[in-house]
Amino acid sequence: MRICLIAAGFALGWLSAQAALPPGCLGTAQPHIRVYDFADLLTSAEEQQLNAALQQGSDTTASTVVVVTHPDFCGLEPFEFATGVGEAWGVDRSGADRGVVLVLKPRAHGNSGQVFIATGRGAEGDLTDALAGRIVQQIRPQLAEGDFAGGLERGTAQIFAVLATGDLPEVNDGARPFPWPAGVLLAFVFLVVPVWLVLAGVRKTARTYRMPYGAAWAIYWAAQRHSNARFSHFSGGTGPFSGGGFSGFGGGRFGGGGAGGSF
């Protein structure tokens, strides 16, 4: 029993460390500002136009979409950064956790650019991971060409369309049908790999602390629940992403939904 508690403490500490953000990574969020161009990818006119579109979409759908560009995501994975922004700034206006965060990191030093869409818990039923992934696929060509304003405008418009109707409008760009080998690859990346990582983590815990697999599974899921509970403390801007909150927003919670990709 004692060794299980010790192992649980190590696991919980590891998960907490994963969510930490280096101090000074993010600036302070401002009321009625939905676009934060920390990577300086947009002109002033493009930023104002996108912000106005996001405000209009918010008024129409009772949801809030925030766009953040950042040069390096503070060293975090795209999912961690996007979710952290949503939790820290409490991205939501309606009090129903219907916030969405779109983050973008440009190409730099030979590394690929990254884009990720994170959904609040109240928006996950409409903006599913699959639909978020389709939106990312639609805007990747524009982002790859350096048309950041066009890609972000298109992506956020599609997000609002899904939040308003529950479906993604078909866009015909003259592209060829999606090849089935790519579908198999995506299924492998998003289904097989995550399951394998979980199993590997449980197996490593069991071997490290010399415990049965059943106990290792229990520790893993307890750690997951602790991690989700920890995220809820960020909604008021008190977590490692602290530095200001959105006035008039409901303190949105982000439970892990979303999708992303590289370009």
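User: What makes Asp147 a cap for the N-terminal end of H5?

Analyst: A side-chain oxygen of Asp147 lies 3.0 Å from the backbone nitrogen of Gly150. A polar contact is a pair of N or O atoms within 3.5 Å; within protein, one must be able to donate a hydrogen and the other to accept it, and residues adjacent in sequence count only if both atoms are side-chain atoms. At 3.0 Å, the pair falls within that 3.5 Å cut-off.

User: What sort of model is this, and how are residues numbered?

Analyst: It's a predicted model, where local features need pLDDT of at least 70 and side-chain atom pairs count only at pLDDT 80 or more, while totals for chains, interfaces and linings use all residues. Residues are numbered from 1 along each chain as its sequence is written, and side-chain values use heavy atoms, with hydrogens and water left out.

User: What makes H5 "mostly covered"?

Analyst: In H5, 13 of its 18 residues are buried, meaning under 20% relative accessible area (exposed is over 50%, partly exposed in between; 1.4 Å probe, protein chains only). Helices like this one are DSSP runs of H or I, at least four residues, and strands are E runs of at least two, numbered from the N terminus. Right after H5 comes Gly166, with a positive phi near 80 degrees.

User: Why does the span of H2 agree with what a helix should have?

Analyst: The expected span is 1.5 Å times one less than the number of residues. For the 18 residues of H2 (residues 44-61) that gives 26 Å, and the end C-alpha atoms are 26 Å apart, so the two agree.

User: Which residues of H2 are buried, and which are exposed?

Analyst: Leu50, Asn51, Leu54, Gly57, Ser58 and Thr61 are buried. They cover an arc of only 125 degrees around the axis (taken from the directions from the axis to the C-beta atoms), which puts them on the same side of H2. The face turned away from that side carries exposed residues, including Ser44, Gln48 and Asp59.

User: What do the buried residues of H2 pack against?

Analyst: They pack against strand E1 (35-37), strand E2 (64-69) and helix H5 (148-165), where contact means heavy atoms within 4.5 Å.

User: Why are E1 and E5 called edge strands?

Analyst: The open sheet has five strands in the order E1-E2-E3-E4-E5, with mixed pairing. E1 and strand E5 (257-262) each have a single partner strand, so one side of each is left without a neighbour in the sheet.

User: What makes E1 and E2 a pair?

Analyst: Two strands pair if DSSP finds at least two bridges between them. Three bridges join E1 to E2, which run parallel, so the pair meets that cut-off.
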